[in-house]
Amino acid sequence: MSASRPVPHSDRGAAAPVQNAPREDGLESRLDALCRSVAEVFAVPMAAIALIDADRIRFRARYGLAEAFIDREDALCQHTIRQPRGHALVVPDLIRDKRFVHSPLVVGAPHARFYAGLAIRSGAGRVVGTLCLMDRALRDDVSSDRVRVLQELALVAEAHLELDEARRTSEAAERRRAEAHLLEWEARQRALEAAHAMAEQIAAFGQWRIDAANRTIAWSDGIARIFGRNAERATLPLETHIGFYHPDDRERVWAAMDEALAGRSRTLGGG
């Protein structure tokens with residue numbers, strides 16, 4: 001993990017980072033904005049919302065950090081997720097803590113010296129990641145009141161993630177319903193077509209299918225035989241199809257087709 005090069009901060013030794021480019025996704029942009037707010041509230045150059053994968057920590061949102069993930073064993077957040085619920089891990093000086101002194105984040109970029117983090121949880125209470133912040137300077141000014149602010153901001157992060165999970169669950173359920181409806185419709189169509197084909201063979205009549213968008217009509221083998229037309233020929237315009245009927249019947253057939261195309265047909269197949 002590395003961070004963008006900071007510019008000097010006018011009133012303290014820590015530095016303000018170059019901001020990450022905004023992202024288009026709604027949730028990502030909101031979480032990035034939350035990280036930016038965390039960094040500003042605590043006057044640190046780096047903040048992130050880190051989610052736990054099997055072998056790495058993925059930064060779902062970040063401020064002042066260039067990398068999108070880090071190996072889990074190297075992540076400072078690996079220790080944060082082991083804290084009791086609601087307890088923040090605050091390390092004023094990473095160099096003086098034997099757990100972190102050899103961390104790549106300390107000995108290399110972004111050369112972190114201070115760290116504070118709090119576990120964030122799913123709606124079911126399972127730890128899914130952390131809200132964390134870092135500085136390149138020693139910090140010993142994180143009071144219990146400041147920890148309380150971090151706890152409240154972590155709740156905001158949890159709420160965003162929980163809402164996104166609910167949205168994705170709802171969308172997945174809607175897709176499943178739509179797919180089931182489509183499969184049911186296709187099964188009905190296949191059954192109807194099979195019944196029509198059987199009826200054509202038995203009763204020597206035919207049927208057709210209208211393309212409403214293009215106002216064309218495709219004939220079945222049965223109706224092609226009735227009208228003495230090759231069934232393999234291209235689809236016909238509706239006007240040509242009507243021309244095969246007796247002039248006395250054309251107005252009635254047009255009316256029936258208009259009803260079907262408008263979705264008002266009362267026949268078994270509907271429109």
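# A tour of the sheets, helix 7 and the salt bridges

Begin with the open sheet in which 3 strands lie in the order 9-10-11 with antiparallel pairing, keeping in mind that this is a predicted model. Its edges are strand 9 and strand 11 (236-237), each of which pairs on one side only. Select strand 10 and strand 11 together, and you will find that 2 bridges join these antiparallel strands. One residue to pick out here is Thr 216, whose bridge partner in strand 11 is Pro 237.

**Helix 7, beside this sheet**

Next, select residues 247-261, which make up helix 7. At 1.5 Å a residue, its 15 residues should span 21 Å, and the end C-alpha atoms of helix 7 are 22 Å apart, which agrees. Which residues of helix 7 are buried? They are Val 253, Met 257 and Ala 260, and because they cover an arc of only 55° around the axis, they are on the same side of helix 7. An α-helix has 3.6 residues a turn, so residues three or four places apart point the same way.

Keep those buried residues of helix 7 displayed and add strand 9 (208-211), strand 10 (216-219) and helix 6 (238-242), since these are the elements against which they pack. Then turn the view to the face of helix 7 that is directed away from its buried side, where the exposed residues Asp 248, Glu 251 and Arg 252 are carried. Before leaving this region, step just past the end of helix 7 to Gly 263, which takes a positive phi of about 75°.

**The sheet of 6 strands**

Move now to the other open sheet, in which 6 strands are arranged in the order 5-4-3-8-7-6, again with antiparallel pairing. The edge strands to select are strand 5 (69-71) and strand 6 (89-91), each pairing on one side only. If you look along the sheet from strand to strand, neighbouring strands are turned by 25° against each other on average, with direction ignored.

Within this sheet, select residues 46-52 and residues 127-135, which are strand 3 and strand 8, antiparallel to each other and joined by 6 bridges. Met 46 is a useful residue to label, as it stands opposite Met 134 in strand 8. Then add residues 26-42, which form helix 1, and you will see this helix lying across strand 3, strand 4 (56-63) and strand 8, at about 75° to strand 4.

**Thr 80 and its surroundings**

Select Thr 80 next, which is placed in helix 2 (residues 77-80). Is Thr 80 buried or exposed? Its relative accessibility is 0%, and Thr 80 therefore counts as buried. With neighbours within four places in sequence left aside, the residues in contact with Thr 80 are Leu 89, Tyr 115, Gly 117, Leu 118, Ala 119 and Thr 130, so showing their side chains together displays the surroundings of Thr 80.

**Salt bridges**

The last part of the tour concerns charged side chains, for which a search of the whole structure finds 13 salt bridges. Side chains of opposite charge can pair when their charged atoms come close.

Start with Asp 93 and Arg 113, whose side chains meet in a salt bridge at 2.5 Å, N to O. This pair links distant parts of the chain, 20 residues apart, with Asp 93 in the loop between strand 6 and helix 3 (104-107) and Arg 113 in the loop between helix 3 and strand 7 (114-121). Asp 93 is buried, with a relative accessible area of 9%, whereas Arg 113, at 25% relative accessibility, counts as partly exposed.

Select Asp 97 and Arg 99 next, a salt bridge in which the closest N and O atoms are 2.8 Å apart. Here Asp 97 counts as buried at 17% relative accessibility, while Arg 99, at 43%, counts as partly exposed.

Continue to helix 4 (residues 144-203), where Asp 145 and Arg 148 lie 3 residues apart, about one turn of the helix. The two form a salt bridge whose closest N and O atoms are 2.1 Å apart. Asp 145 counts as partly exposed at 45% relative accessibility, and Arg 148 counts as partly exposed at 43%. Finish by selecting Asp 53, Arg 56 and Arg 58, which salt bridges with shared partners join into one network.

Notes. Residues are numbered from 1 along each chain as its sequence is written. This is a predicted model: local features need pLDDT of at least 70, side-chain atom pairs count only at pLDDT 80 or more; totals for chains, interfaces and linings use all residues. Side-chain values use heavy atoms; hydrogens and water are left out. Two strands pair if DSSP finds at least two bridges between them. Helices (H or I, at least four residues) and strands (E, at least two) are DSSP runs, numbered from the N terminus. Axes are lines fitted to C-alpha atoms, for helices over the stretch in contact, and angles run from 0 to 180 degrees between N-to-C directions. Contact means heavy atoms within 4.5 Å. The expected span of a helix is 1.5 Å times one less than its number of residues. Buried means under 20% relative accessible area, exposed over 50%, partly exposed in between (1.4 Å probe, protein chains only). The arc is that of the directions from the helix axis to the C-beta atoms. A salt bridge is a side-chain nitrogen of Lys or Arg within 4 Å of a carboxyl oxygen of Asp or Glu.
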